Amino acid sequence: MQSPLPVRDGVNATRLRLPDEGPWDTAMDYMMHRWGHIDPQGIEDRFDAGEIVGEGGAPLDRGTPLEEHTFIWYYRTLPPETRMPVEINILHQDEHLLVVDKPHFLPTTPGGTYIQESALVRLRNQLDLPDLIPMHRLDRMTAGVLLLSTNPETRGKYQVLFEKRQVQKEYECVSAAAPAAGFPAVGFPAVVRNRMTKSRSYLLAEVIDGEPNAETRIELLRTFDGGTHDGGVARRALYRLEPHTGKTHQLRVHMASLGLGIVNDAFYPELLDKAPDDYSKPLQLLARGIRFVDPISKQAVEYRSRLELSEARPD
């Protein structure tokens with residue numbers, strides 16, 4: 001449903017569905033029920049200023065009946081954010097697409113404590129592109145090629161490519177050169193297939209029994225000496241990962257399932273205690289490239305990241 005309010009400071013207005021019935025006579029009564037314990041004066045001021053609107057952009061006031069609108073929109077009050085010491089690099093821009101190198105630590109879209117400090121909001125503000133929308137997502141801790149649509153009129157043509165899995169993605173990661181103790185040896189190239197799930201209430205993705213819904217092809221590119229471990233020099237390796245599905249944390253889970261957890265992964269194979277971001281130790285996972293047949297030009301295109309994984313040393 002199209003918001004009647006424009007993007008402001010790179011952020012979309014928040015949409016709220018009003019209940020069909022309940023012990024509330026007005027829309028303001030319901031909002032007071034939800035958030036009045038946080039900022040009751042602020043809610044009243046927004047209604048008085050006409051900053052809360054319903055369908056068609058009609059402003060609501062304190063007396064607007066609950067049943068008059070199904071959805072209402074308003075701008076959230078956003079807390080201040082400290083700018084992350086990371087930057088986004090533009091790889092390509094035209095009248096339909098924007099392709100960037102997203103850095104580690106920066107989320108793709110706003111959420112939680114990251115609003116202004118998300119790739120989408122930064123780019124909307126930097127390039128004055130309020131209609132910018134990502135065509136896919138990268139985890140906050142993953143860096144690399146991110147594709148965004150700049151044109152609402154042609155956006156659907158690119159969305160269909162992702163829906164029909166006509167976009168090929170390539171990643172790189174740094175992990176141990178050999179599986180951890182207790183895991184069998186792996187012959188490369190290897191293909192991992194299993195069934196993954198992730199609920200909103202559980203932080204990690206899980207592998208469960210059932211028909212496979214996640215598949216990744218893994219290729220060993222080269223090995224090299226990494227850091228010291230247990231008094232000796234550990235051998236590490238650079239791997240190419242080609243996902244054929246797009247489940248949350250799929251690549252991280254699949255590497256960990258082989259005993260080859262990605263370097264600096266705080267989730268897999270073991271969930272570490274939450275700690276402040278350490279910008280000197282980014283997750284060693286990079287979206288290296290993306291390729292597809294452009295639905296506008298009908299030409300095969302490929303975009304490649306210019307970033308390098310910090311632990312991917314030459315042999």
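**Exercise 1. Place D265 in the fold and decide whether D265 is buried or exposed.**

Solution. Start with the address: D265 sits in the loop that runs from α5 (250-257) to β12 (285-293). Helices (H or I, at least four residues) and strands (E, at least two) are DSSP runs, numbered from the N terminus. Before going on, note that this is a predicted model, in which local features need pLDDT of at least 70, side-chain atom pairs count only at pLDDT 80 or more, and totals for chains, interfaces and linings use all residues. Residues are numbered from 1 along each chain as its sequence is written, and side-chain values use heavy atoms, with hydrogens and water left out.

Next, check the accessibility: D265 counts as buried because its relative accessibility is 8%. Here buried means under 20% relative accessible area, exposed over 50%, and partly exposed in between (1.4 Å probe, protein chains only).

Finally, look for partners. Leaving aside neighbours within four places in sequence, D265 touches R252 and L283, where a contact means heavy atoms within 4.5 Å.

**Exercise 2. Find what is special about the backbone at N264 and at P269.**

Solution. Begin with N264, which lies in the loop between α5 and β12. N264 is not a glycine, yet its phi is positive, at about 70 degrees. With a relative accessible area of 34%, N264 is partly exposed.

Now move to P269, also placed in the loop between α5 and β12. The peptide bond leading from Y268 to P269 is cis, with omega near 5 degrees.

For practice elsewhere, go to P189, in the loop between β7 (168-176) and β8 (190-197). The bond from F188 to P189 is cis, and omega is near 0 degrees. Then try D9, in the segment before β1 (14-17): D9 has a positive phi of about 55 degrees without being a glycine. D9 is exposed, at a relative accessible area of 54%.

**Exercise 3. Work out which residues the salt bridges around R240 join into one network.**

Solution. A salt bridge is a side-chain nitrogen of Lys or Arg within 4 Å of a carboxyl oxygen of Asp or Glu. Searching the whole structure gives 21 of them.

Step one is the pair R240 and E170, whose closest N and O atoms are 3.1 Å apart. R240 belongs to strand β11 (residues 232-243) and E170 to strand β7, so this pair ties together parts that are 70 residues apart in sequence. R240 is partly exposed at 23% relative accessibility, whereas E170 is buried at 7%.

Step two adds R217 and E219, which meet in a salt bridge at 3.3 Å, N to O. R217 is partly exposed at 27%, and E219 is partly exposed at 24%.

Step three adds E302 and R304, bridged at 3.2 Å, N to O. Both are partly exposed, E302 at 42% and R304 at 37%. Through shared partners, salt bridges join E170, R217, E219, R240, E242, E302 and R304 into one network.

**Exercise 4. Describe the protein as a whole: how many helices and strands are there, and what share of residues is buried?**

Solution. Count the elements: there are 5 helices and 13 strands. Of the 315 residues, 44% count as buried. To finish, the C-alpha atoms fill a box of roughly 70 × 45 × 40 Å, taken along the principal axes.
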